[in-house]
Amino acid sequence: MTAPSQHARSDKALVSLTSVGLTPVVPVNPTAPLDLGNAAARVSGAANKKEIEAALSQRLGRLEALQDALFADGRHAVLLVLQGRDASGKDGVIKTVCGAFNPTGVRVTAFGPPTPLELRHDFLWRVHQAVPPRGQVGVFNRSHYEDVLAVRVRRLAPETVWRGRYAHINAFEELLHANGVVICKCFLHVSQDEQHERLTSRLDDPRKNWKFRAEDIEDRARWAEYTEAYHEALTRCSTAAAPWYVVPSDNKTVRNLLIADVLMRAMEALPLHYPTMPDAVREAARDFR
Ligand code: ATP
């Protein structure tokens, strides 16, 4: 699992987020007010792009090293859940932040509308199968949260059904946590103006036309309803076992840095150890050199 680092060496002192004008994102506190307004999607006072990129590159280097230790240690898994409105940048995070990892140890799963078979199962059935095994990193591009977001807003199931799901989700995530899965859930928060700009560029640029879907217009028209649904999901399901982070995402480089930082801190908090060589192997290799 070792590969030459494309990023900054991980043994250099880490440039703090505050030194580049940013505040680290903290878990959503379920009992405190949560601001999902347009202004909260932006950050002011951030350093210039070059400095932000340098801080990001450093964290990507650390993530690469941490993944190596995660794999060797084999007792924990990491699950990064990415949620956000259309064009909020989930794919960009996967490409840039998750690109730090050795692909052998990462599995990305995108959750679209459930298939007929998936609809015949409970809503967590397809999700549970995509949870990473110990030693690996899993990334969800959308997730089981669509079952209390899209399902709620587009009225795909009665309220009695989706309302019961918050408790199911918390119990499910608690189960994963108890089994060694470290869960980081990031809501990529874009403003209405920024989303408009990004969706417009998908219309204007022939190479991006394929990304534009008619449903994007419908979902944008339900902005307030989605905000309400996100608000409830983020406050009801931000737990010690599986915290939610609201990541200001109007600026792509800042977004990547903040998410890389969340992931790095979560992995650094793990007691990862490289296994010591068994005596029998050491003995067998005694005269090898
Ligand atoms: P982008 O954010 O770049 O626009 P995307 O994440 O919207 O990309 P798509 O494959 O175009 O990717 O969309 C996936 C669609 O599947 C979303 O509209 C989402 O709401 C929907 N979806 C995912 N899970 C469910 C679910 N459980 N029930 C209903 N719809 C779902």
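In which sense do S1 and S3 pair, and over how many bridges? The two strands pair in the parallel sense over five bridges, where pairing requires at least two DSSP bridges between strands. The model is predicted, so local features need pLDDT of at least 70 and side-chain atom pairs count only at pLDDT 80 or more, whereas totals for chains, interfaces and linings use all residues. Residues are numbered from 1 along each chain as its sequence is written, and side-chain values use heavy atoms, without hydrogens and water.

**Strand S3**
- All five of the five residues of S3 are buried (under 20% relative accessible area, 1.4 Å probe, protein chains only), so S3 is largely enclosed by the rest of the structure.
- Val137, Val139 and Asn141 point one way from S3, and Gly138 and Phe140 point the other way.
- Strand S2 (residues 106-110) runs parallel to S3 and is joined to it by five bridges; Thr109 stands opposite Phe140.
- Val139 in S3 is the bridge partner of Leu80.

**Nonpolar core**
- The largest nonpolar core (buried Ala, Val, Leu, Ile, Met, Phe, Trp, Tyr and Cys residues joined through side-chain atoms within 4.5 Å) has 42 residues, of which Leu63, Leu80 and Leu82 touch the most other members.
- Helix H11 (252-268) is one of the elements that supply at least two residues, and H11 gives the most, with ten.

**Helix H11**
- Of the 17 residues of H11, 14 are buried.
- At the start of H11, a side-chain oxygen of Asn251 lies within 3.0 Å of the backbone nitrogen of Thr253.

Definitions and conventions:
Buried < 20%, exposed > 50% of the residue type's maximum accessible area, 1.4 Å probe, protein only. Helix = DSSP H or I, 4+ residues; strand = E, 2+ residues; numbered from the N terminus. Polar contact = N/O pair within 3.5 Å; in protein donor to acceptor, adjacent residues only side chain to side chain.
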